[in-house]
Amino acid sequence: MKMTAPAEYRANATPLNFPEIGRNKIQSILLRRVLSMGIASQIPMLIGAALMGFAVIGTGTEKLMWSLIAVQCVLQCIVAIISSMLRRKLDENQPGRYLFVIFVGLETLTGAVWGLMMLPVAEVLGHGLGPLFVCITLIVTITISALMPAAVRVISIAAVTGFFVALFPQTLYFYHILGPLPLVATLVLPPTLFWMTDVHSKQVRAALVNELENERLALYLEDALQQSEYLARHDSLTGLLNRRAFQSKLKALRHEQPDAAISLILIDLDHFKSINDQFGHETGDAVLVSTADIINSVTRPDDLSARCDEATARWGGEEFIIALVGCPIEAAASVSELLRVRIAAQADPQWPDGLSVTGSFGVSLWDHQEDLAVGIAQADKAMYRAKISGRNQIELAA
């Protein structure tokens, strides 16, 4: 089991430099949000259309108005179906270009039908409240139709364009009745709506970018917190616990199991300074990482009270310490011998020729009546006896 610290968790300091959020991603999110409004968002406008139908009663054009209202209802149902299909495509990350073109085309048609609803009252505009109500309702309706999907501006442009194409010929045809004011209003309305939708679109996009950046920053901060917590307890090179975390862990284990036999193994790599001096610190670091991996592969989770990385630590520069809970000193000596052989046999094709690694081991039994420092000191004395006796061997505490 390889427990080397993840590269992204190793101590470093780099400035935040997030890549720019892609336009395609922004466009996709905005389109999803527009499509999610569905037909429910059209209900108020369809209610307004129904009211326009009642408003023209008595004008002789009721049949034409209700026919246009029926066409609009059918179109809105088709738009809802296409919208659902397109949203499903987006959710499945499938191309939906042709569906989008159909959707925009339908929005153009709905805008044109709204514009045609002026036809039943064009000749009687100014005679009674009904035609005036229809005129005002249509202006409000096309304004709402333009602003609601303004996040995806092409949809708004399609609706307004359809409305203008249907309405403008009417103002020309009935000019002798309507006069210049409706014609001017018709010419001014599209650019006004285009400007309004452009402003709204920019605001929505800016808000979305800010939202996405905040989400990304939150994820970064969460990751940074995890890294900070990891580095506070672990050695950044080997991934083993650091000295403070090891001591804290062992004291907690002793508190949980006051009478358990806890054996301590202290390992010091022989002539490690010479390895650094002769082969370089990069090679020395590689040796430390390899040794930590060997320790973790030998001290299996079954040998410990918890995961091995929670009971194994880098004690100093080239020193490692292991705690085996519920393990008598004789069994710890057997584990030490296996480690000694594995460490002496380790090799890497990338290591320079002539590099050999061995370790000296000191093993002690931590008496539950004594402080942890006493047990570690006994293992340390035993380890030094191993060094004095010729290195690459194991000594048990007296």
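Reader: Between which two elements is the place of His-271 in the loop?
Author: In this predicted model, the residues that flank His-271 belong to a strand and a helix. The strand covers 262–269 and the helix covers 272–279. The loop that holds His-271 thus lies between strand 1 and helix 10.

Reader: What is the value of phi of His-271?
Author: His-271 is a residue other than glycine, yet its phi is positive. The value is near 55 degrees.

Reader: Is His-271 buried, partly exposed or exposed?
Author: The relative accessible area of His-271 is 48%. Buried requires under 20% and exposed requires over 50%. Because 48% falls in between, His-271 is classed as partly exposed.

Reader: Which class of accessibility, exposed or buried, applies to Asn-93?
Author: Asn-93 is placed in the loop between helix 3 (62–91) and helix 4 (97–116). Asn-93 is not a glycine, although its phi is positive, at about 55 degrees. Its relative accessible area is 69%. The cut-off is over 50%, so Asn-93 counts as exposed.

Reader: Is Ser-360 buried or exposed?
Author: Ser-360 is part of strand 4, which spans residues 359–366. Its relative accessibility is 0%. Because the limit is under 20%, Ser-360 counts as buried.

Reader: With which side chain does the side chain of Ser-360 make a polar contact?
Author: Among the residues that Ser-360 touches, beyond four places away in sequence, are Asp-268, Asp-270, Lys-387 and Asn-392. A polar atom of the Ser-360 side chain lies 3.5 Å from the backbone nitrogen of Asn-392. The polar contact between side chains has a distance of 2.7 Å, and the partner of Ser-360 in it is Asp-270.

Reader: How are helix 1 and helix 8 oriented to each other?
Author: Helix 1 (residues 23–35) packs with helix 8 (residues 180–233) at an angle of about 110 degrees, and the axes are 11 Å apart. The range from 65 to 115 degrees defines the class, and the two helices are therefore roughly perpendicular.

Reader: How many nonpolar residues does the contact of helix 1 with helix 8 have?
Author: On the helix 1 side the residues are Ile-26, Gln-27, Ile-29, Leu-30 and Arg-33, and they meet helix 8 residues including Val-204, Arg-205 and Glu-211. By class, this contact of helix 1 with helix 8 contains three charged residues, one polar residue and, as nonpolar members, seven.

Reader: How are helix 6 and helix 8 oriented to each other?
Author: The packing angle of helix 6 (residues 153–173) with helix 8 is about 175 degrees, with axes 9 Å apart. An angle over 145 degrees sets the class, and helix 6 and helix 8 are therefore roughly antiparallel.

Reader: How many charged residues does the contact of helix 6 with helix 8 have?
Author: Arg-153 of helix 6 and Asp-198 of helix 8 are among the residues that meet here, as are Phe-163, Phe-164 and Phe-168 of helix 6. The contact of helix 6 with helix 8 divides into 14 nonpolar residues, six polar residues and, as charged members, two.

Reader: What is the handedness of the crossing in which helix 5 passes helix 8?
Author: Helix 5 comprises residues 129–147. Its axis and that of helix 8 come within 9 Å and cross at roughly 35 degrees. The crossing of helix 5 with helix 8 is right-handed.

Terms used. Residues numbered from 1 in each chain as written. Predicted model: local features only at pLDDT ≥ 70, side-chain atom pairs only at ≥ 80, totals over all residues. Heavy atoms only, no water. Helix = DSSP H or I, 4+ residues; strand = E, 2+ residues; numbered from the N terminus. Buried < 20%, exposed > 50% of the residue type's maximum accessible area, 1.4 Å probe, protein only. Polar contact = N/O pair within 3.5 Å; in protein donor to acceptor, adjacent residues only side chain to side chain. Contact = heavy atoms within 4.5 Å. Axes fitted to C-alpha atoms, helices over the stretch in contact; angles between N-to-C directions. Parallel < 35°, antiparallel > 145°, perpendicular 65-115°, else oblique. Nonpolar A, V, L, I, M, F, W, Y, C, P; charged D, E, K, R; others polar. Left-handed = near helix turned anticlockwise from the far one by under 90°.
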